[in-house]
Amino acid sequence: MISLHGLTKVFPGGVRALDAIDLTVADGEFFALLGPSGCGKTTLLRTIAGLEIPTSGNIRINEADVTRLPPGRRDVAMVFQDYAIFPHMDVTDNIAYPLRIRKVPRAERVRKAAEVARRLSLADLLHRRPAQLSGGQQQRVALARAIACHPAAFLFDEPLSNLDARLRLEARTFLKRLQRELAVTTVFVTHDQAEALALADRIAVMSAGRMVQIGTPAEIFQRPSTTFVASFIGSTPMNLLPGTSTRGALHVAGAVRAAPAGLGEGDEIVYGVRPEYMGLSETERQDGIPGTVAVLENLGTGVLVTLESGDHLVQAVVPEGSEPALGVRRWAVPARSLVYRDGALLA
């Protein structure tokens, strides 16, 4: 278990990278830190690892306060974005390096490296050097090195970002299965929301050094708590349209929808609906957003349709083969929607 209490990191010049973060990662949990570049997620990971010293707050790993301990005494293993494997060492020595630091006898180090390598399909590569390995093989060597020392926690800093699209999908599946088998508490940093949704038990979305929302992938995707999270999560961005409430109704981009409880007369809102939850009607509907088909994008199993609706663009995903022609008039009808006021989700 990893517990953070009031964790703050301020760099010279007053840059507040982490702002009073409280977080508990449960035993065996796969926890993802997600956010845009510069939001503080890598700084948080490095602080847990001991590579950065917090300005205030404390870090506990399995109930032990490690806030001021050096990295080597925290019982964590970190896998970096560039893998950081030693070019002059073969695969065996790279995997066994943490055991060498712990002064484990060489025979035991070699035996353990071979055992872990076999588990990760590296047994035939033990005498190769990194330059002789593919990107996917180097990534597995970095994972094997982390596994070899049986840490209390894994810390992953975007370990899949250097792989091509096909290898990333394969490595993602492999990584999730491996983490389940080992049952080791894992904190995974990524800016790729599809990666976080696929891998994590829970996700923290970060912005400007703070955790904006923490929840399961389903909670984060279906009920983003702020317009920032709503716009960030999803392979196709959520439609976020301005509107107003009058007499129990919402007026949004030419459509009239029922207003949720808690809105007053004339309240300004943002109406959110994912393209996946938006249907298209050929006939005029009062609850539909009118627009002209401007762009069609084939997604494989579906087609992303973009409508021009006055000053706004509205997107819907429809099954392949049912997409309308360019230039025709359609009404976008939300099947599931959210309403935000002052940037926050209405209950």
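Helix H3 is covered on its buried side by elements that include H2 and H4, where covering rests on contact, meaning heavy atoms within 4.5 Å. Helices (H or I, at least four residues) and strands (E, at least two) are DSSP runs, numbered from the N terminus. The model is a predicted one, so to speak of a local feature takes pLDDT of at least 70 and to count a side-chain atom pair takes pLDDT 80 or more, while totals for chains, interfaces and linings use all residues. Residues are numbered from 1 along each chain as its sequence is written, and side-chain values use heavy atoms, with hydrogens and water left out.

The buried residues of H3 are Arg-109, Lys-112, Ala-113, Val-116 and Ala-117; buried here means under 20% relative accessible area, exposed over 50%, and partly exposed in between (1.4 Å probe, protein chains only). Looking down the axis of H3, these buried residues sit within an arc of 135°, so they line one face of the helix; the arc is that of the directions from the helix axis to the C-beta atoms. That fits the usual helix geometry: an α-helix has 3.6 residues a turn, so residues three or four places apart point the same way. On the face turned away from the buried side, H3 carries the exposed residues Ala-107 and Arg-118. As for length, the 14 residues of H3 should span 20 Å at 1.5 Å a residue, and the end C-alpha atoms are indeed 20 Å apart; the expected span is 1.5 Å times one less than the number of residues. Just past H3, Ser-121 takes a positive phi of about 60°.

Helix H5 (residues 165-182) can be read in a similar way. Its 18 residues should span 26 Å, and its end C-alpha atoms are 26 Å apart, which agrees. Arg-168, Ala-171, Phe-174, Leu-175, Leu-178 and Gln-179 are the buried residues of H5, and down the helix axis they fall within an arc of 135°, so they line one face. Arg-166 and Thr-173 are exposed on the face turned away from that buried side. What covers the buried residues of H5 includes S3, helix H4 (135-148), strand S7 (153-157), S8 and helix H6 (193-199). Just after H5 comes Ala-183, with a positive phi of about 55°.

Next, the cores. A nonpolar core is a set of buried Ala, Val, Leu, Ile, Met, Phe, Trp, Tyr and Cys residues joined through side-chain atoms within 4.5 Å. The largest one has 37 residues, of which Ile-95, Leu-120 and Leu-122 touch the most other members. Strand S6 (76-79), helix H2 (91-101), helix H3 (106-119), H4, S7 and H5 each supply at least two residues of this core, and H4 gives the largest share, seven residues. Leaving aside neighbours within four places in sequence, Leu-120 is in contact with Arg-140, Leu-143, Ala-144, Ile-147, Phe-174 and Leu-178. Apart from the largest core lies another, of 33 residues, among them Val-205, Leu-250, Val-314 and Leu-346.

Strand S3 (residues 30-34) is mostly covered, with five of its five residues buried. Phe-30, Ala-32 and Leu-34 point one way from S3, and Phe-31 and Leu-33 the other way. Two strands count as paired if DSSP finds at least two bridges between them. S3 pairs in the parallel sense with strand S8 (residues 185-190) over five bridges, and Phe-30 stands opposite Thr-186 in S8. S3 also runs parallel to strand S9 (residues 202-207), joined by four bridges, with Leu-34 opposite Val-205 in S9.

Two open sheets complete the account. One has four strands in the order S2-S1-S4-S5, with antiparallel pairing. Strand S2 (15-25) and strand S5 (64-65) stand at its edges with a single partner strand each, so one side of each is left without a neighbour in the sheet. Strand S4 (residues 56-61) pairs with S5 over two bridges, and Arg-60 stands opposite Asp-65 in S5. The other sheet has five strands in the order S15-S19-S16-S17-S18, again with antiparallel pairing. Its edge strands are S15 (278-281) and S18 (312-319), each pairing on one side only. S15 and strand S19 (residues 329-334) pair over four bridges, and Met-278 stands opposite Pro-334 in S19.
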